[in-house]
Amino acid sequence: MPTLQRIISHPDVELFMKRDDLLDPTIPGNKLRKLKYNLEQARTEGKSTILTFGGAFSNHISAIASAGARHGFATIGIIRGEELTQSYLQNPTLSQAAECGMQLEFINRADYRNKSEKTFLGKLEQRFGDFYLLPEGGTNSLAVKGCEEILSGDDFSFDYICCAVGTGGTLAGIINSSETHHKIIGFSSLKGTFDISGIAKFVDKHNWKIISDYHFGGYGKVTNELVDYINCFYNKNKIPLDPVYTGKMMFGIEDLIRNGYFPKGSRILAIHTGGLQGIAGMNQKLKTKNLHIIEHG
């Protein structure tokens, strides 16, 4: 179950982490939150198959496959990158998904960009029959509803609540459940200016912002500096971080603390959204590039 864990003390602020990654061993953190009401809706609609999209190391794909096996849904994963067709069993994420019974379909990147278009989805329905559709990353109104349950109890006593951001559904849920004194900060894992429209359509509060300075080159990009930070953080706090989301968020939070961003006496809560299943695959990539590897997870 989620617990609050204090991070090695900083002299001017208090920093805690909510271990939402401990929610479930195979569907951890925000993925379980996002799926809660979607699985209920799929049952209500009488759907027996869930279809979704993701990349080679997608936490979302891993979670859907695990949830399908556990709750009796057939699952189909439309995977970006047709070059993976012959090698996916060497990929820790995709091999795990296949073991859970997910049907994997690999498509080229040009076709993948059409994943939200009606014509493309119509072709998928013709091929696979009736299914419950989940978007890449799992963000929809029901996912946001589930993420509104992240904050509870002592969480509301903090001044700042921080969360890594990909599609934005998790942050939207946190914003909706936040109180007037909270300042919500999302740390983008994407390079460039973050498109806030994907969050804004789900929220009507204005106590939030996105910081885009700690992406380390973009989504899925990792440097030796980031890996060294993740390893050092684990050695100090015994908390594993993933390199795509939570590692970048925590690097950003601690950098902002050092630079006086947070007023003295601030109480800061960081949400650990999971993503640790991707470490094995990331280490494979890092080894091929002769970069430092993550020493835990």
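In this predicted model, strands β8 (residues 183-188) and β9 run parallel and are joined by four bridges. One of the residue pairs is Ile-185 with its bridge partner Lys-209 in β9.

Both strands belong to an open sheet of six strands, ordered β1-β2-β10-β7-β8-β9, with mixed pairing. The edge positions are taken by β1 (4-6) and β9 (208-211); each has a single partner strand, so one side of each lacks a neighbour in the sheet. From one strand to the next, the twist averages 25°. Strands of a sheet pair through backbone hydrogen bonds, either parallel or antiparallel.

Helix α10 (residues 246-258) lies across five of these strands: β2 (14-18), β7 (160-165), β8, β9 and β10 (267-271). Relative to β10, helix α10 runs at about 165°.

Helix α10 also meets helix α9 (residues 224-237): their axes come within 10 Å and cross at roughly 85°. An angle of 65 to 115 degrees counts as roughly perpendicular, which means that α9 is roughly perpendicular to α10. The residues that make this contact are listed by helix below.

| Helix | Residues in the α9 and α10 contact |
|---|---|
| α9 | Glu-225, Leu-226, Tyr-229, Ile-230, Phe-233 |
| α10 | Gly-247, Lys-248, Met-250, Phe-251, Glu-254 |

Sorted by class, the contact of α9 with α10 contains six nonpolar, one polar and three charged residues. Gly counts as polar in this scheme, and Gly-247 of α10 is among the contact residues.

Definitions and conventions: Residues are numbered from 1 along each chain as its sequence is written. This is a predicted model: local features need pLDDT of at least 70, side-chain atom pairs count only at pLDDT 80 or more; totals for chains, interfaces and linings use all residues. Side-chain values use heavy atoms; hydrogens and water are left out. Two strands pair if DSSP finds at least two bridges between them. Helices (H or I, at least four residues) and strands (E, at least two) are DSSP runs, numbered from the N terminus. Axes are lines fitted to C-alpha atoms, for helices over the stretch in contact, and angles run from 0 to 180 degrees between N-to-C directions. Contact means heavy atoms within 4.5 Å. Angles under 35 degrees count as roughly parallel, over 145 as roughly antiparallel, 65 to 115 as roughly perpendicular and the rest as oblique.
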